[in-house]
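User: I should like to understand the terms used for this model and the grounds for each of them. Please set each value against its definition.

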Amino acid sequence: MTTMYTPDHEWINIEDHEAAVVGITHHAQDALGDVVFVELPEVGRSYKQGEVAGVVESVKAAADIYMPVGGEIVEVNEALRADPSLANSDPLGQGWFFTVRVADMAEFDQLMDPPAYDALLKTI
Amino acid sequence: MAETPLLQTPLHDLHLRLGARMVPFAGYAMPVQYPTGLIAEHKHCRAAAALFDVSHMGQVRLAGADAAAALETLVPMDIVGLGEGRQRYAFFTSANGGLLDDLMVVRPPAGAGFGDLFLVVNAGRKDADLRHMQTHIGHRCAVLPMPERALLALQGPQAATVLSRLHAGVAQLVFMSGGVFELAGASCFVTRSGYTGEDGFEISVPADHATALAEALLAHAEVSPAGLGARDTLRLEAGLCLYGHDIGDTTSPVEAGLAWAMQKVRRPGGARAGHYPGAAVIEHHLAGAAPRKRVGLVGLERVPVREGATIVDAHGRKLGTVTSGTLAPSVDRPIAMAYLPVDHAIPHHEVYAEVRGRRLPMRVTPMPFHPHRYHR
């Protein structure tokens, strides 16, 4: 499995664990509505798993972005900063938030796999 | 605490068919947005026409020859002098000079079946307002809630064009006037007013005809449904207050910048001055003693500033708190309302909003943020 999910509705793709990609799920963008602002982490800064690394805001509400795994921020999506609506139109693609150098692969393995995340969505 | 089941408006099934996301609001299940989304709904209202279900709001008739004089003991407005077919913005004041609710009052044509005065009050204050009126003026006029009627709002520059197709007579209405019109087979009370800053109408329709009327309006290409989310961003851009947020029992109408709604005849020196709850405090504020004022703020950065954010001066001293705020779809900037001490409530004055540990510069700005386009 290369993509895993958090209970806070972030996804992380680990194809390149030197630069694993993090974004919000389709459910998260749908629940938020029209995204109008994102606050992205600082490149080079390290975060622990579960730490707040960013913010995503719709017209109605603001939500924190939690680090799915601990690690150092490699790159942030400047295109998303310029056009936050990418988080709505393509949350799993062009609407990615940042990439992270994963410190501990065991943290990744503890996340929810697609069937587990689908099961969580059914309870909402 | 036992969960109370949510009430449904007569348009509930239509909302579900249109794919609305329903949320609890003031005890009702209400559409917050439809599949096109809040921003598209907001912009459609500014560009064409949007249909809102506001049936959760309280519609009340006051019946009796003394109704207007009686209501004047609860609101600092000229109700006695309100002409037939004319509508007025009003508010119930409290003994300490605060606000218990804001409302619309219209004097329907005599014999139209809408009483001597027809009121629309906020959903969340409906029960309290009814008790308040029953207690204080129930002996002078009949206070008659109208749960058998739904309320639709058709708002936007194309609203008049569309509604005229159902009844040509509505085109004769001007802003803040109303009358009875037959629309889609139902006898409706239509006022040319709203909560978006646009030209438009609010339509009181019998509950059992509400869906047919809504469908008849939505059948026109200019009209799209819009939810409570867009209603909130539209009213905020229009600089209009939301009760419980921008105004409440701790804000005087003068602090709230609503003194314009108090006619001369009810102010000191007027023929029917005072004699409403909290008149002493409010008259003191009118004379210049209001310590703070509601202002509009525009963010100089693109970060949304929301309700509850602290406003500070250049030295970090607390000035006030944001009462409403969002990134405004038409203005395309963060906008907010807040109460500031009068010496800071000056246009172009710069203050700072505290958001996630940062101080974001905002400029005090005259409201509305987006120009009103009423049909006067």
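User: What makes β11-β12-β13-β10-β4-β14 of chain B an open sheet with edges?

Analyst: In this predicted model, six strands of chain B form an open sheet in the order β11-β12-β13-β10-β4-β14, with mixed pairing. Strands are DSSP runs of E of at least two residues, helices are runs of H or I of at least four, and both are numbered from the N terminus; two strands pair if DSSP finds at least two bridges between them. β11 (178-183) and β14 (223-225) of chain B each have a single partner strand, so one side of each lacks a neighbour in the sheet and they stand at the edges. From one strand to the next, the twist averages 30 degrees.

The conventions are as follows. Residues are numbered from 1 along each chain as its sequence is written, and chains are lettered from A and ligands numbered from 1 in the order in which they are written. As the model is predicted, local features need pLDDT of at least 70 and side-chain atom pairs count only at pLDDT 80 or more, whereas totals for chains, interfaces and linings use all residues.

User: How do you know that β12(B) and β13(B) are paired?

Analyst: Three bridges join β12 (186-191) and β13 (200-206) of chain B in the antiparallel sense, and the definition asks for at least two. They therefore count as paired. Within β13(B), Ile203(B) is the bridge partner of Val190(B).

User: Which helix packs on this sheet, and which strands does it touch?

Analyst: Helix α5 (159-166) of chain B touches β4 (49-53), β10 (149-155), β11, β13 and β14 of chain B. Contact here requires C-beta atoms, placed from the backbone, that lie within 7 Å. The direction of α5(B) makes about 130 degrees with that of β10(B); such angles run from 0 to 180 degrees between N-to-C directions, and axes are lines fitted to C-alpha atoms, for helices over the stretch in contact.

User: Why are α2(B) and α7(B) called oblique to each other?

Analyst: They pack at an angle of about 55 degrees, with their axes 8 Å apart. Angles under 35 degrees count as roughly parallel, over 145 as roughly antiparallel, 65 to 115 as roughly perpendicular and the rest as oblique. The two helices are therefore oblique. α2(B) also passes α7(B) in a right-handed crossing, the term for a near helix turned clockwise from the far one by less than a right angle, with anticlockwise giving left-handed.

User: Which residues make that contact, and how are they classed?

Analyst: α2(B) contributes Leu38(B), Glu41(B), His42(B) and Cys45(B), while α7(B) contributes Gly229(B), Ala230(B), Thr233(B) and Leu234(B). Four are nonpolar, three polar and one charged. Ala, Val, Leu, Ile, Met, Phe, Trp, Tyr, Cys and Pro count as nonpolar, Asp, Glu, Lys and Arg as charged, and the others, Gly among them, as polar.

User: How is chain B divided into domains, and what joins them?

Analyst: Domain 1 covers 1-289 and domain 2 covers 291-376, with bounds from an automatic or database domain assignment. Their C-alpha centres lie 26 Å apart. The contact takes 23 residues from domain 1 and 24 residues from domain 2 of chain B. On the domain 1 side, α2 (38-47) and α7 (228-237) of chain B are the elements that give two or more residues, and α2(B) gives the most, with four. That side has nine nonpolar, six polar and eight charged residues.

User: What makes β4-β6-β7 of chain A a sheet?

Analyst: Four bridges join β4(A) to β6 (52-58) of chain A, and five join β6(A) to β7(A); the pairing is antiparallel. In β6(A), Glu57(A) is the bridge partner of Phe37(A). β6(A) and β7(A) form a hairpin with three residues between them. β4 (35-39) and β7 (62-66) of chain A stand at the edges, because each has a single partner strand.

User: How many residues of chain A are in contact with chain B?

Analyst: Nine residues of chain A are in contact with 14 residues of chain B. β4 and β6 of chain A each supply at least two residues of the chain A side, which divides into five nonpolar, one polar and three charged.

User: What makes Ala26(B) and Pro368(B) worth a remark?

Analyst: Most residues other than glycine have a negative phi, and most peptide bonds are trans. Ala26(B), in the loop between β2 (21-25) and β3 (28-33) of chain B, has a positive phi of about 50 degrees although it is not a glycine. The peptide bond from Met367(B) to Pro368(B) is cis, with omega near 5 degrees.

How values were computed. Two residues are in contact if their C-beta atoms, placed from the backbone, lie within 7 Å.
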